[in-house]
Amino acid sequence: MSTTKKIAGAALAAALGVTTLSACGDAGDESAGTTDKTVTLVSHDSFNVTDTVLKEFEQQSGYTVKVLKSGDAGAALNQEILTKGSPRGDVFFGVDNTLLSRALDNGIFTAYEAKGLDTVKPEYVLDKEHRVTPIDSGDICVNYDKAYFADKKIAPPQTLDDLVKPEYKNLLVTENAATSSPGLGFLLASVGKYGEEGWKDYWSKLKANGVEVVDGWEQAYNERFSGSAGGKKAKGDRPLVVSYASSPPVEVLYGEPQPAEAPTGVATGTCFRQVEFAGLLKGAKNEAGGKALLDFLISKKFQEDMPLQMFVNPVTKDASLPELFTKHGVVVEKPENVAPETIAKNREQWVKAWTSLVVK
């Protein structure tokens, strides 16, 4: 299965014509060698960090960081599995809880308990052997177009149960669970809510209520959704879309002119929580540098820089969110979760069954 990893903010920023900062190093040069003073981070395309924050780590540690971006999370992980024991870098960042068991089962990481791990919230430490370190979290949720529901004088949906009600018929667009990370996350939200026996019945109801399925996030959010900047240009007619809880702050940050309030809202009872991890690659040429880099990724400095760079939430207890997130974002108190080992065991058959039920 091809899983497209999209961090909503980075993708939305690109859709709005915004160029984000990239980490130093030639991300496209796989042939560049690794020295004792160079540490290579292999990641998906959405990794981002402020230059000054990265340079401060380099000055303090004595290491130069090289970032090797390798496509979406699924593709990047596949490459590391294929090169197991002779990795392309020292640390891999970007495996999330939907792919975690696959990475661990293939044995691509060396166990390391990062310095500062005691500051990470316990619910994010999913591997007790410390083969991976939690770095960030983000919630896949239904977003809604505030103006549409205000004009129609209809309350926006708040829960998964709401989405199958008649007043929301033909309003929702979601991504294909077989080709999109948020699409898969939304499927997993239904599994978490209704169980392995009930999720199919839920999707039968969603289909009867006119849910639309498109290939990926950019098409769903920027073309079919009526509430986004991209959606307005494309005259999208669906006021409900599967996106991220961080999408409203991004709409404010990159809106032109910048709006006082986010034009979109989040249905907090529809969410699935993604957690992203990093790990020291087995066979790393610079193991000491890799360990120092993992320590840095859960440092307060990086954790507080991360929200406005990758539009995800920190996982440490001492990191504060920027005002953009606290003012325009939402707190998802009870996201749906499915254990990584359960996902690994059932993901393929769930996606196959979902495809037969919803797409075909």
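**From a cis peptide bond to the cores**

P257 is placed in the loop between helix 9 (247-254) and strand 9, and in this predicted model the peptide bond that joins E256 and P257 is cis, with omega at about -5°.

Two other loops hold residues whose backbone phi is positive although they are not glycine. K153, in the loop between helix 5 (146-152) and strand 6, has phi near 55°, and with a relative accessible area of 76% this residue is exposed. F311, in the loop between helix 11 (300-310) and strand 10 (313-314), has phi near 60°, but F311 is buried, its relative accessible area being 2%.

Helix 13, which covers residues 340-359, bends by about 55° at N346, and N346 itself belongs to the buried residues of this helix, which also include R347, W350, W354 and V358. An α-helix has 3.6 residues a turn, so residues three or four places apart point the same way. The buried residues of helix 13 pack against two helices, helix 4 (100-105) and helix 6 (181-208), as well as against strand 6 (172-175), strand 7 (212-214) and strand 9 (264-281).

In strand 1 (residues 38-43) lies S43, which counts as buried because its relative accessible area is 0%; beyond its neighbours within four places in sequence, S43 is in contact with V67, L68, K69, S70, A76 and F93.

As for the nonpolar interior, the largest core has 51 residues, and F47, F109 and F302 are those with the most contacts inside it. Another core, of 40 residues, lies apart from the largest one and has W203, V214, W217 and V242 among its members.

Methods
Residues are numbered from 1 along each chain as its sequence is written. This is a predicted model: local features need pLDDT of at least 70, side-chain atom pairs count only at pLDDT 80 or more; totals for chains, interfaces and linings use all residues. Side-chain values use heavy atoms; hydrogens and water are left out. A nonpolar core is a set of buried Ala, Val, Leu, Ile, Met, Phe, Trp, Tyr and Cys residues joined through side-chain atoms within 4.5 Å. Buried means under 20% relative accessible area, exposed over 50%, partly exposed in between (1.4 Å probe, protein chains only). The bend at a residue is the angle between axes fitted to the seven residues ending there and the seven starting there. Helices (H or I, at least four residues) and strands (E, at least two) are DSSP runs, numbered from the N terminus. Contact means heavy atoms within 4.5 Å.
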